[in-house]
Amino acid sequence: MEKPRSIAVRSPWTGELNMGEEEVIFPWRKQAIRHTGRYAANIRCYKMAAVGLSVLMLVEIITLCVWHTMGRDPLDTCNNNLTMEENQLETSDNSLSDQRDQLLTRYNNLTVERDQLLSKCNNLTVERDHIKNRYDNLTAERDQLEAKYNNLTTERDQLKKEKDRVLHKLNNLNLKYFSSSQYFVSTERKSWSESRQDCIKRGADLVIINSEEEQQFLSSMKIRAWIGLTDADAEGTWKWVDNTPVISAYWMPGEPNDQNNEDCGEILLLQEDSLMNWNDLPCDQKQQYVCENVTKAF
Ligand SMILES: [Ca+2]
Ligand SMILES: [Ca+2]
Ligand SMILES: [Ca+2]
């Protein structure tokens, strides 16, 4: 389409070109259209605005095309990456949830175990205190028993000393004195040999009756006891323990008869006749005995 062209317009009536007017001739109309000056100025402004708007629209379209062409792939890539990251985050989230559940289970188990251990610890503490109390009580009881034992030991020792003292007194009570001799009359019963050994242990020997006075003295004791008389070495030959022969004898009537091998002599102090109260007996018979110490005390 052919654009109208602007030409100077002359007045059709005067043939002069009017000031501020222009003449527009459209080819299809083959006729010029005249415009006044203000209207022509508006026309030019509209033209310029249309041209500017067209340019702006063109730039926008180009920009959109370029942006669409060049920016779509990075967006897809970005979208894909975001999707992958989302998936990975979701996977990580699930994994973390599992780990959290496992840790929670372990935490609960550890809590239960801790409570059990705490309960055991408390029970052991109570038991320890109980055992400690028992130990303290047993220790106190042991100390009391130990003190009692020491007291009893001391008391026993004192009683033993007292017993020895009393026995010594009793022994002294069995001591008799005649002339220059001291006599011990036993309370125990022993054989003739054992009796002699006990007398020797006391620093003496079985009594030897050297005189009628001594015979009378022994008869006054009114006991039955071994004397230091034997015929064990030679039957029928009586002698004293110091091997001296019997000079004055005080046998009972019919004695010594050596009945049942009687080789040891006794004095029967229950006899009425104090000068006829000896008898022979088997030496292993248990009897009281009389020891004599001539020179020193027992
Ligand atoms: Ca004598
Ligand atoms: Ca005899
Ligand atoms: Ca006899």
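Select N261 in this predicted model; N261 sits in the loop between β8 and β9. Its phi is positive, about 60 degrees, although N261 is not a glycine. Most residues other than glycine have a negative phi, and most peptide bonds are trans. Is N261 buried or exposed? With 12 other C-beta atoms within 10 Å, N261 is exposed, because a residue counts as exposed at 12 or fewer.

Remain in this loop and select P256, which lies between β8 (239-240) and β9 (264-268). Display the backbone from E255 to P256: the peptide bond there is cis, with omega near -5 degrees.

Move next to K222, in the loop between α3 (212-219) and β7 (224-230). K222 is a residue other than glycine with a positive phi, near 55 degrees. K222 has 10 other C-beta atoms within 10 Å and is therefore exposed.

From K222, step back to the helix that precedes this loop, α3 (212-219). Which residues of α3 are buried? They are Q215, L218 and S219. Look down the axis of α3: the buried residues fall within an arc of 100 degrees, so they line one face of the helix. To see what covers these buried residues, add β9 and β11 to the selection, as both are among the covering elements.

The largest nonpolar core is the next stop. Of its 23 residues, select L206, V207, W226, I227, Y289, V290 and C291, which touch the most other members. Then colour the elements that each supply at least two residues of this core: β5 (181-185), α2 (192-201), β7, β9, β10 (278-281) and β11 (288-293). Which element gives the most to the core? That element is β7, with four residues.

Centre the view on C291, one of the core residues just selected. Leaving aside neighbours within four places in sequence, C291 is in contact with Y183, F184, C199, R202, A204, D205, L206 and V207. Two of these partners, L206 and V207, are also among the core members that touch the most others.

Follow the strand pairing from here. β5 and β11 run antiparallel and are paired over four bridges. To find the register, select Y183 and look across to E292 in β11, which stands opposite Y183. Y183 is also one of the contacts of C291.

β5 has a further antiparallel partner to display: strand β4 (residues 175-178), joined to β5 by four bridges. Here Y177 is the residue to select, with Q182 of β5 opposite. How many residues lie between the strands in the hairpin of β4 and β5? There are two residues between them, and S179 in this hairpin takes a positive phi near 55 degrees.

Finally, select the entire protein chain. The chain contains three helices and 11 strands. Traced from the N terminus, the elements run β-β-β-α-β-β-α-β-α-β-β-β-β-β. Colouring by burial completes the view: 13% of the 298 residues count as buried. If contacts are drawn between residues at least 6 apart in sequence, 55% of them join residues at least 24 apart.

Definitions and conventions. Residues are numbered from 1 along each chain as its sequence is written. Chains are lettered from A and ligands numbered from 1 in the order in which they are written. This is a predicted model: local features need pLDDT of at least 70, side-chain atom pairs count only at pLDDT 80 or more; totals for chains, interfaces and linings use all residues. A residue is buried if 20 or more other C-beta atoms lie within 10 Å of its own, exposed if 12 or fewer, and partly exposed in between; C-beta atoms are placed from the backbone. A nonpolar core is a set of buried Ala, Val, Leu, Ile, Met, Phe, Trp, Tyr and Cys residues joined through C-beta atoms within 7 Å. Two residues are in contact if their C-beta atoms, placed from the backbone, lie within 7 Å. Two strands pair if DSSP finds at least two bridges between them. The arc is that of the directions from the helix axis to the C-beta atoms.
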